[in-house]
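Please open the structure in your viewer and keep the selection tool at hand. The tour below moves from one selection to the next and says what to look for at each stop.

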Amino acid sequence: MRLLIVEDDRKLADFVARGLRAEGFAIDLAADGREGRGYIDSYQYDLLILDLMLPLISGSELLRLVRRSNPTLPVLIVTARDATEDKVKHFEAGADDYLTKPFDLAELVVRVKSLLRRNPVERTDVILLSNLELNRLTHQVRRGEQNIELTSKEYALLEYLLSSPSRVFTRSMILEHVWDQSFEGVTNIVEVYVRHLRRKVDDPFPEKLIHTVRGVGYCVRETQQAAGP
Amino acid sequence: MNHRSLAFRLALWYTLLLGATFALVGMGMFYGLEQYLHSSLRDSLRRRSSQVEQILEQGSAVISNAQISDAISTRVSPEFNNRFVRVTRAPGTLIYRSGTPADRSFDPNAVPPIAGTWLDGTAVRRTVTVQNQRLMLNATRIDTPSGRYLIELGSSLQSIDGLQDRLLALLGLLLPVLVICAAGGGYLLVNWALRPVDRMSQTAEHMSMQNLDARLPVLPTGDALQRLSLSLNHMLGRLRDSVQISRRFLADASHELRTPLTVIKGELQEIVSGDAAQGEVRERVGSVLEEVARLEHLVSGLLALSRLDAGEAQREWLDVDLVELAASTAEQMRLMAEDRGIQLQFPPAAPLIVRGDPSRLKQVIVNLLDNAIRFTPRGGAVMLRTGDSGGDIVLEVLDTGIGIPPAALTRVFDRFYRVDEARSRDDGGAGLGLSIAQSICLAHGAQIEVHSEVGHGSCFRLRFPRTPSDDPARPALAATPQMRSVTPAI
């Protein structure tokens, strides 16, 4: 899988490239719109990550050009502009997804994978982690032989964390998926819910599954894999 | 009517001046007329007197009293002319006295003699009152060959007094009418003259930071008013420019911060999530990351504010049931409140529809509830209440928290303002939450106000004007007057 990143901020481009290479992608970097256009014309890419404010040829312009020559190439826009009109405009112009800076690399990887459909939404009905069992059909959560009663928000939070065990979910990712953006930056609602979830899921049992990664967020994993903080 | 208003004071002064002028003119007229009439009467008396003198002087020493009487009667005919004539010869013999005048204005027999005229030797003039009638008397002493005579000639002042009374009555009636007309007219005139100023102040009243493009009406009067409105408009232009510059700076600055923030956050998250850092290093990086998260919130808060400033508030614009929105938000935040031992109450209410952007409105409710929960001690209560008050739709967030000191009340909506520096910074607040809430409210045409008592709690109240959706004739845009430019630029 070959990806092109068109981003004029060198450090950001390097950082994103490193993260994606670690996931096994081949990455090319272009620092401005004209260079990006050259790459696109010369090589076959599976996905384009595009910054909007680019020198020489702007991201919006490049997006239009790409859509003309290659209508099926998935394009993920990464920008500091988060006004809704901008988003709508670029979706209309043919962007497939939109990510606002400052974003989490984990979020970017998730979006890239879902755009590439390499990671089709796993609809396994039952998720298992250690002795924790979550049934997506019945919304039942069990640990060992014990039934755990969760409120709907607690369930949604646990389901989200379990959707990708061992991955660290940042607070803003959790907020965006389980709540909505109204809570962004204001409340410690995520902490409160995680604490309540822990009380029900972890506290009665010796093995702790929900881990805090300080400054980043939370992840669920079996304790023996790595020492939690 | 405002007694200190410029219009009132101008009209008052105008009336006083005009009234004084009228009074002076009236007085001048009154006394001038009196003077003129009296002097012409005096002249007439003197002429008659000299006629009598001629009769007496022409007569020889032997002229009889009857001859004198005849001559006076025929040549002066005092009764017919309503005059009084009395001729006395020294030392006191009455030679002639005129009869009752034709208009019967006085009784000639009752006219007293003028004292002291015998000694004086010159003409003496007196005004005497006979039976309630004022008479002007002119006495002249002459020496003739036939002896020394005293000629007394008089005339009633009745007609002159009557004329003056009539004039006085007319003036007395006219003056109040004129003053009242002047007062009314003056007030209207001043108001009319001040109307452009009124219009200017009304326009200025409706200006806000959201519509600095509006301009004051300029009347081509070529006077101070035109210059004033022009210079105010220039000032508004400069104000708008500088506000735009500072807004653009805010937007650009927060914008530019986002890319480096992404890199910092990403790199640090890599370190913390990977195996590279352990123990203390991991803790420290985590701590830095927490600060980065705060910085991130700050930047997104500033961007949100700068977008609201620019009037880009609305993502969607639709009918929102405020009660349902409040209920669902309260439900989502109930656990947070309970976690801190605070009771979150939301009494059920009938739907109240406002027009707006639901996600923005929700943000306001979240901000207010979050504040209330944060500043209410364990065991307290936070209440979210909706209702109808004075035709407005009202949403209130009440708490039993620590309250806000009166000095801080006016500033709680200011950007970066914190009531207590140390306290709220620890809670992660950047001091932008209420500012954002206020901006969102303004964009919805709603008002936000706060009441608080230290130690007892605070109440934040949102006041939405009745939605125009009740009235299908009016377009939805009417709810956001600040979104449109009111007056075209001049």
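Of the 111 residues in the largest nonpolar core, which touch the most other members? In this model, which is a predicted one, they are I49(A), L50(A), L322(B) and L369(B), so labelled that you can select them across chains A and B. Next, colour helix 6 of chain B, residues 279-309, since the largest share of this core, nine residues, comes from that helix. A separate core, which lies apart from the one just visited, has 23 residues, and you can find it by selecting V85(B), Y96(B), Y149(B) and I151(B), which are among its members.

Return now to L369(B) and show its surroundings: leaving aside residues up to four places away in sequence, L369(B) touches T329(B), A330(B) and M333(B), and also V382(B), L384(B) and V397(B).

Then move to chain A and select helix 5, residues 105-116, whose 12 residues reach 16 Å from the first C-alpha to the last, close to the 16 Å expected at 1.5 Å a residue. Within this helix, the buried residues are L105(A), A106(A), L108(A), R111(A) and V112(A). Step past the end of helix 5 to R117(A), which follows it and has a positive phi, near 50 degrees.

For the last stop, select P176(B), which sits in helix 4 of chain B, residues 158-205. Is this residue buried or exposed? P176(B) counts as exposed because 11 other C-beta atoms lie within 10 Å, and the cut-off for exposed is 12 or fewer. Finally, draw a distance from the C-alpha atom of P176(B) to that of G19(B): the two are separated by 8.3 Å, although they are 157 residues apart along the chain.

Note on methods:
Residues numbered from 1 in each chain as written. Chains lettered and ligands numbered in written order. Predicted model: local features only at pLDDT ≥ 70, side-chain atom pairs only at ≥ 80, totals over all residues. Helix = DSSP H or I, 4+ residues; strand = E, 2+ residues; numbered from the N terminus. Buried ≥ 20, exposed ≤ 12 C-beta atoms within 10 Å, placed from the backbone. Core = buried A, V, L, I, M, F, W, Y, C linked by C-beta atoms within 7 Å. Contact = placed C-beta atoms within 7 Å. Expected span 1.5 Å × (residues − 1).
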